[in-house]
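Here's a quick tour of one chain, with an eye on its charged pairs, its surface and how far to trust the coordinates. Have a look at the structure first, then read on.

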Amino acid sequence: RATLLRAVPHDLRTPLTSIIGASSSFLEGEDYLSEEEKRELITNINNDSNWLLNMVENLLSVTRIQEDGQKVKKSPEFVEEVVSEAAGRLKKRLPDAQFNIHVPLEFLMVPMDAILIEQVLINLLENAVIHSGSDRPAELGITENEETIIFEIKDYGRGLDDSQLDNLFLGTYSASETSDGHKGMGIGLSICRTIVEAHGGQISARNHEHGAVFTFTLPKT
C-alpha cells in the first residue's frame, strides 16, 4: 500500500496537468483554433480521462482485496467469457488496440473473482499495446496443465529493461521511451501481482527474442 501511495501522485498528476492544459487551450483559443486543432485537444482530454478512470478502477481493485484481508471471493467462471469481457472493455477505451486471442477448444471453468481477473488482463494487454512500441498485434494465449490455467501475454516490441526486472511488480517500474509520455506501467503491474497472488496464482515476466512476455497462472481449484 505504501509503495502504491508513493507512486500514485506522480501517475495522476501528469494526466491531470495535461487535461487542464488542453481544456485551457480550448477555452482560450476557441475563436481562432481550427476544427482539427480543437479535435486534437478534445482527443487528448478524452485519452487522459480514460486513463485516469482505469487508474481508479485499479486502485479500487486493490482496496477491495485489502479490505478482505488479501482474500478474494471466488466463483466458477468460464475463462473465455472473462477474457472476452476484458477485451471488450479495453477496446472501448483504446479502439485502435490490436491483439489476437488464442483459447483452447474446450471450455475452461476456473474459480476466480471475474472483475479482478479482467483488470489483470486489461492491464497486461494495455501494456503490451501501448508500451511495446510496436505496430504488430499483441498475443494473448491461454493453456492449461493439471493444476493451473496459464495466461500468456506477448508483445513484439522493445522489450523490458533488464536492469529493472527485479522491481517489475513492486509499483516502481517505469517503461523507457514510452510513446505517450505519462502512462507508467508500475502501478498497474503491482496491482496485477496483488490480484493474482490473492487468487493463489503466480505472475512473472521475461524478454523473448522480439519483445516481452507476461505470464500468470490461476489454480484450477
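## Salt bridges, a patch and confidence

Let's start with a charged pair: the side chains of Glu144 and Lys220 form a salt bridge, with 2.7 Å from N to O. This one ties together distant parts of the chain, as Glu144 belongs to strand S4 (residues 138-144) while Lys220 sits in the segment after strand S7 (211-219), 76 residues apart. Glu144 has 34% relative accessibility, so it counts as partly exposed. Lys220, at 26%, is partly exposed too. Keep in mind that this is a predicted model.

How many salt bridges does the structure hold? There are 3, and here they are side by side:

| Acidic residue | Basic residue | N to O distance |
|---|---|---|
| Glu144 | Lys220 | 2.7 Å |
| Glu118 | Arg89 | 3.0 Å |
| Glu35 | Lys38 | 3.8 Å |

The Glu118 and Arg89 side chains meet at 3.0 Å. That pair also links distant parts of the chain, with Glu118 in helix H4 (residues 114-130) and Arg89 in helix H3 (residues 79-93), 29 residues apart. Is Glu118 buried or exposed? Its relative accessibility is 10%, which falls under the 20% cut-off, so Glu118 counts as buried.

The Glu35 and Lys38 bridge, at 3.8 Å, stays inside one element: both residues lie in helix H2 (residues 35-67), 3 residues apart, or about one turn of the helix. Their surroundings are a contrast, though. Glu35 counts as exposed because its relative accessibility is 62%, whereas Lys38 counts as buried because it has just 16%.

Now for the nonpolar side of things. Which residues make the nonpolar surface patch of about 340 Å²? Phe78, Phe107 and Met109 do. Of these, Phe78 is found in strand S1 (residues 75-78), and at 32% relative accessibility it counts as partly exposed.

Finally, how much can you lean on all this? The chain averages a pLDDT of 83, and 84% of the residues score at least 70. Among the elements, strand S5 (residues 148-154) has the highest mean pLDDT at 96, and helix H1 (residues 2-29) has the lowest at 78. The stretch to watch is residues 176-183, where pLDDT stays under 50. The model does give that stretch 13 contacts beyond four places in sequence. Still, predicted coordinates should not be read in detail where pLDDT is low.

Methods
Residues are numbered from 1 along each chain as its sequence is written. This is a predicted model: local features need pLDDT of at least 70, side-chain atom pairs count only at pLDDT 80 or more; totals for chains, interfaces and linings use all residues. Side-chain values use heavy atoms; hydrogens and water are left out. pLDDT is the predictor's confidence in each residue, from 0 to 100. Helices (H or I, at least four residues) and strands (E, at least two) are DSSP runs, numbered from the N terminus. Contact means heavy atoms within 4.5 Å. Patches are made of residues with over 30% relative accessible area and no salt bridge: like charges are joined within 9 Å, nonpolar side chains (Val, Leu, Ile, Met, Phe, Trp, Tyr) within 5 Å. Accessible areas come from the Shrake-Rupley method with a 1.4 Å probe; for residues, only the protein chains shown count as cover. A salt bridge is a side-chain nitrogen of Lys or Arg within 4 Å of a carboxyl oxygen of Asp or Glu. Buried means under 20% relative accessible area, exposed over 50%, partly exposed in between (1.4 Å probe, protein chains only).
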